[in-house]
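Open the model in a viewer and keep the selection panel at hand. The stops below go from one ring to its neighbours, and then to a sheet and a helix.

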Amino acid sequence: MKKTIGIGILLLSIISCGYLFQLENDKKLTEKIETELNSENGAIDFAKITDFDWDSLIILGPYTTIENVEDEFNLNLANIRQNGIHYSDYYDLVVFIKDKKSVKIIELNRALNSQRRIIKKEESKFKTGEDGIIKLTE
């Protein structure tokens with residue numbers, strides 16, 4: 001009986017580890033970015049507004065399956081698999097990446113023109129258009 005309980009506890013511990021190390025929405029950064037995008041200028045350079053190390057980003061739209069994105073772009077997104085974007089249509093998920101691994105995420109209100117591609121840090125400039133859609137500047 002003790003052996004069975006011990007094995008059960010061990011299995012629960014192993015399974016729960018996958019949920020413990022999940023990235024959470026950075027609310028401060030989200031507010032900072034949304035404030036800039038809703039300002040009179042309506043433009044933002046993600047490289048200048050962030051204070052952590054990253055080399056690219058990807059924007060995931062509603063109902064995106066993380067595992068499919070991992071396969072398509074050869075990324076390690078294990079620490080955001082439990083995010084819930086694949087069930088939600090309330091936000092777009094911006095995933096900051098360093099060396100093909102997710103390092104930070106933000107959940108922005110649905111106004112991004114989500115492009116399913118990797119965007120390099122130096123190209124991560126966005127502007128709010130007259131239609132209210134946030135687009136990557138060229």
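Select Phe96 to begin. Its relative accessibility is 0%, so Phe96 counts as buried. Keep in mind that this is a predicted model.

**The partner of Phe96**

Add Phe52 to the selection. Phe52 and Phe96 form an aromatic pair, with 5.2 Å from centre to centre and 90° between the planes, an edge-to-face arrangement. Phe96 belongs to strand β3 (residues 91–98), while Phe52 sits in the loop between α3 and β2 (56–60), so the pair ties together parts that are 44 residues apart in sequence.

Is Phe52 buried or exposed? Its relative accessibility is 19%, and the cut-off for buried is under 20%, so Phe52 counts as buried.

Now show Lys104. Lys104 lies over the face of the Phe52 ring, at 5.0 Å from the ring centre.

**The wider cluster**

Extend the selection to Phe46, Trp54 and Phe126. Together with Phe52 and Phe96, these residues form one aromatic cluster. The count of aromatic pairs comes to four.

One of these pairs is Phe46 with Phe126: the ring centres are 4.9 Å apart and the planes stand at 45°, so the pair is tilted. Phe46 lies in helix α3 (residues 46–49) and Phe126 in strand β6, so this contact between rings ties together parts that are 80 residues apart in sequence. Both Phe46 and Phe126 are buried.

**From Phe126 into the sheet**

Stay on Phe126 and switch to the backbone. Which residue stands opposite Phe126 in β7? It is Leu136. Strand β6 (residues 125–128) pairs with β7 in the antiparallel sense, over three bridges.

Select β1 as well to see the whole sheet. The sheet is open and has three strands in the order β1-β6-β7, with antiparallel pairing. The edge strands, β1 (43–45) and β7 (134–136), each pair on one side only. On average, neighbouring strands of this sheet are turned by 25° against each other, direction ignored. In general, strands of a sheet pair through backbone hydrogen bonds, either parallel or antiparallel, and a display of those bonds is a useful overlay here.

**The helix across the sheet**

For the last stop, select helix α2, residues 27–37. Helix α2 lies across β1, β6 and β7. Relative to β1, helix α2 runs at about 140°.

Conventions:
Residues numbered from 1 in each chain as written. Predicted model: local features only at pLDDT ≥ 70, side-chain atom pairs only at ≥ 80, totals over all residues. Heavy atoms only, no water. Pairing = 2+ DSSP bridges. Helix = DSSP H or I, 4+ residues; strand = E, 2+ residues; numbered from the N terminus. Axes fitted to C-alpha atoms, helices over the stretch in contact; angles between N-to-C directions. Contact = heavy atoms within 4.5 Å. Phe/Tyr/Trp six-rings, centres within 6.5 Å; stacked < 30°, edge-to-face > 60°. Buried < 20%, exposed > 50% of the residue type's maximum accessible area, 1.4 Å probe, protein only. Lys NZ or Arg CZ within 6 Å of the ring centre and 35° of its normal.
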